[in-house]
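Visitor: I should like to learn how to read a few features of a protein model. Could we begin with the structure itself?

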Amino acid sequence: QVQLVESGGGLVQPGGSLRLSCAASGSIFRIDTMGWYRQAPGKQRELVASITSSGSRNYADSVKGRFTISRDTAKNTVYLQMNSLKPEDTAVYYCNPQIVVFGTSKVGYWGQGIQVTVSS
């Protein structure tokens with residue numbers, strides 16, 4: 001009923017930038033909070049940033065001042081602008097929108113994951 005398509009990852013040098021996108025489609029009635037998580041090898045998945053339907057943002061301390069989360073409600077899309085990337089930002093990034101599908105209750109969906117590698 002819901003499809004998520006992530007894009008924008010890749011290999012970048014330290015100090016570089018990337019922009020991740022996650023577009024949701026399907027029988028969507030409403031999308032509430034949209035978040036980005038990441039998981040590095042051998043580590044637990046962690047919240048990177050989130051944005052509510054009213055635009056309130058929350059960031060992990062490790063990315064404050066470097067990453068910016070935004071959303072386009074009309075396109076059901078969430079973005080993560082990542083600047084001043086560091087090697088420790090290397091991870092698989094997942095989007096996680098809280099979606100209400102017509103006729104059902106709210107469910108958190110996960111994107112397929114997209115690799116971000118920061119290395120010289």
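Visitor: Which residues form a disulfide?

Guide: Please bear in mind that this is a predicted model. A disulfide is recognised by a pair of cysteine sulfur atoms within 2.5 Å. Here Cys22 and Cys95 form such a bond, with their sulfur atoms 2.0 Å apart. By this rule the count comes to one disulfide.

Visitor: Where in the chain do Cys22 and Cys95 lie?

Guide: The pair links distant parts of the chain, being 73 residues apart. Cys22 belongs to strand β3 (residues 18–26), and Cys95 to strand β9 (residues 91–101).

Visitor: Are Cys22 and Cys95 buried or exposed?

Guide: Both Cys22 and Cys95 are buried.

Visitor: Why is the disulfide of Cys22 and Cys95 described as right-handed?

Guide: The torsion about the S-S bond is about 40°, and therefore the disulfide of Cys22 and Cys95 is right-handed.

Visitor: Let us turn to Asp32. Why does Asp32 count as buried?

Guide: Buried means under 20% relative accessible area. Asp32 has 13% relative accessibility, so this residue counts as buried. Asp32 is located in strand β4 (residues 28–39).

Visitor: With which side chains does the side chain of Asp32 make a polar contact?

Guide: A polar contact is judged by a pair of N or O atoms within 3.5 Å. The side chain of Asp32 makes one with the side chain of Arg30 at 2.7 Å, and another, of 3.2 Å, with the side chain of Lys106.

Visitor: Which residues is Asp32 in contact with, leaving aside its neighbours within four places in sequence?

Guide: With those neighbours left aside, Asp32 is in contact with Ile51, Ser53, Arg71, Gln98 and Lys106.

Note on methods
Residues numbered from 1 in each chain as written. Predicted model: local features only at pLDDT ≥ 70, side-chain atom pairs only at ≥ 80, totals over all residues. Heavy atoms only, no water. Helix = DSSP H or I, 4+ residues; strand = E, 2+ residues; numbered from the N terminus. Buried < 20%, exposed > 50% of the residue type's maximum accessible area, 1.4 Å probe, protein only. Polar contact = N/O pair within 3.5 Å; in protein donor to acceptor, adjacent residues only side chain to side chain. Contact = heavy atoms within 4.5 Å.
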